[in-house]
Amino acid sequence: MVIDLKRIFKSYRMGARDVPVLHDVSLQIEAAEYIAIMGPSGSGKSTLMNIIGCLDTPTTGEYFLDGESVADLDDDRLAETRNLKIGFVFQTFNLLPRATALDNVALPLIYCATSPKVRRKRAAEELERVGLADRMHHRPIELSGGERQRVAIARALVNNPAIILADEPTGNLDSKTGTEIMHIFDGLHVNGGTIILVTHEADIARKAGRIVNILDGRLVETNEV
């Protein structure tokens, strides 16, 4: 089991009160599984994704990643885990606007002290993998929404992570481009990747092997597709 969440509660301090977001969430995800987390806006799905991605910590509860308690990791180990084990794909792309596609994709490799020559080579390979070999020297403003999302996916893949977290990856795309992006995730899963996808779109969720529904911070049911 690659991900094991046990009785996760999460609340945020707002003024003089605590606002609960997640309530008693337990979830297990196997290696090479493809799951979709569904729920309306404000249901807690992005908070759950941030905890899975080690971007946030639970208020109470336990999270084990590859059998290791995330709570026991210091800041350096957490950063290393995020960089090497987990690839992130966001709805808003989160690309550096002044950097080329190649430089955006190479960014995670800087934190691994990878040499510039190797960084460029691996970044170019990932851009070719997502069909952007002829766009690698363009900046985000010169790319379409679908191309920017492909750059974001290439960046997520450049360290060859075992887990891909995708938060509404088709939310800002037209249906045709969204379908093309989902084909990339299908290929990653076929090749053994663990895919965790947050979406509010039922047709996108059905691409996964399992759908986890969340409502008002609680897992209400888990469906096998």
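Begin the tour at the second largest pocket, which is lined by 14 residues, and select Thr-57, Pro-58, Tyr-63, Val-70 and Ala-71, the ones that lie nearest its centre. Keep in mind throughout that this is a predicted model.

**The second largest pocket**

With those residues on screen, look at the space they surround, which amounts to about 200 Å³. Now colour strand 4 (60-65) and helix 2, the elements that give two or more residues to the lining of this second largest pocket. Strand 4 supplies the largest share of that lining, with three residues. If you colour the lining of the second largest pocket by class, you should find eight nonpolar, three polar and three charged residues.

**Along helix 2**

Next, select helix 2, which covers residues 75-85, and show the side chains of Leu-78, Thr-81 and Asn-83, which are buried. What do the buried residues of helix 2 pack against? Turn the model until you can follow them to strand 4, strand 6 and helix 3, which are their packing partners.

Stay with Asn-83, which lies in helix 2. Asn-83 has a relative accessible area of 17%, and it therefore counts as buried, since the cut-off is under 20%. Leaving aside residues up to four places away in sequence, Asn-83 touches Pro-108, Tyr-111, Cys-112 and Asn-159. Select Pro-108 together with Asn-83, and look for the backbone oxygen of Pro-108, which lies 3.2 Å from a polar atom of the Asn-83 side chain.

**The largest pocket**

The next stop is the largest pocket, which holds about 390 Å³ of space. Its lining has 15 residues, and the closest to the centre of the pocket are Arg-82, Asn-83, Ile-86, Phe-88 and Pro-108, so that two residues from the previous stop, Asn-83 and Pro-108, appear here again. To see where the walls come from, colour helix 2, strand 6 (86-90), helix 3 (101-110) and helix 5 (145-157), the elements that give two or more residues to the lining of the largest pocket. Which of the elements gives the most to this lining? Strand 6 does, with four residues. By class, the lining of the largest pocket consists of 10 nonpolar, three polar and two charged residues.

**A closed space**

Rolling a probe the size of a water molecule over the atoms shows where empty space is left. In this structure there is one cavity of 30 Å³ or more, and the volume of the largest cavity is about 50 Å³. To find the largest cavity, select Met-49, Asn-50, Leu-55, Phe-88, Val-89, Phe-90, Leu-165, Ala-166 and Asp-167, which line it. Helix 1 (45-52), strand 6 and strand 7 (163-167) are the elements that give two or more residues to this lining. Phe-88 is listed in the lining of the largest cavity, and Phe-88 is also among the residues closest to the centre of the largest pocket. When the lining of the largest cavity is sorted by class, there are seven nonpolar residues, one polar residue and one charged residue.

**Two backbone angles to inspect**

Most residues other than glycine have a negative phi, and most peptide bonds are trans. Select Glu-168, in the loop between strand 7 and helix 6, where phi is positive, at about 50°, although the residue is not a glycine. Is Glu-168 buried or exposed? Glu-168 is buried, because its relative accessible area is 8% and the cut-off is under 20%.

Then move to Asp-24 in strand 2 (residues 17-29), another residue other than glycine with a positive phi, in this case near 50°. Asp-24 is partly exposed, with a relative accessible area of 32%.

**Out to helix 6**

Now select Lys-176 in helix 6 (residues 175-190). Lys-176 counts as exposed because its relative accessibility is 57% and the cut-off is over 50%. Its side chain makes a polar contact with the side chain of Glu-180, at 2.8 Å. Add Gly-146 to the selection as well: Lys-176 and Gly-146 are 30 residues apart in sequence, while their C-alpha atoms are 9.5 Å apart in space.

**The whole chain**

Finally, zoom out and show the full chain, which has seven helices and 10 strands. Its radius of gyration is 17 Å, close to the 17 Å that the globule rule gives for 225 residues, so the chain is as compact as a globular protein of that length. Buried residues make up 49% of the 225 residues. Among contacts between residues at least 6 apart in sequence, 71% join residues at least 24 apart.

How values were computed: Residues are numbered from 1 along each chain as its sequence is written. This is a predicted model: local features need pLDDT of at least 70, side-chain atom pairs count only at pLDDT 80 or more; totals for chains, interfaces and linings use all residues. Side-chain values use heavy atoms; hydrogens and water are left out. Buried means under 20% relative accessible area, exposed over 50%, partly exposed in between (1.4 Å probe, protein chains only). A polar contact is a pair of N or O atoms within 3.5 Å; within protein, one must be able to donate a hydrogen and the other to accept it, and residues adjacent in sequence count only if both atoms are side-chain atoms. Contact means heavy atoms within 4.5 Å. On a 1 Å grid over the protein atoms alone, a cavity is a set of points where a 1.4 Å probe fits but cannot get out, and a pocket is an open set with protein on both sides within 12 Å along at least five of seven lines; lining residues have an atom within 4 Å of a point. Grid points are joined across faces, edges and corners, and a volume is the space filled by probe spheres set on the points. Ala, Val, Leu, Ile, Met, Phe, Trp, Tyr, Cys and Pro count as nonpolar, Asp, Glu, Lys and Arg as charged, and the others, Gly among them, as polar. The radius of gyration is taken over C-alpha atoms; the globule rule is 2.2 Å times the number of residues to the power 0.38.
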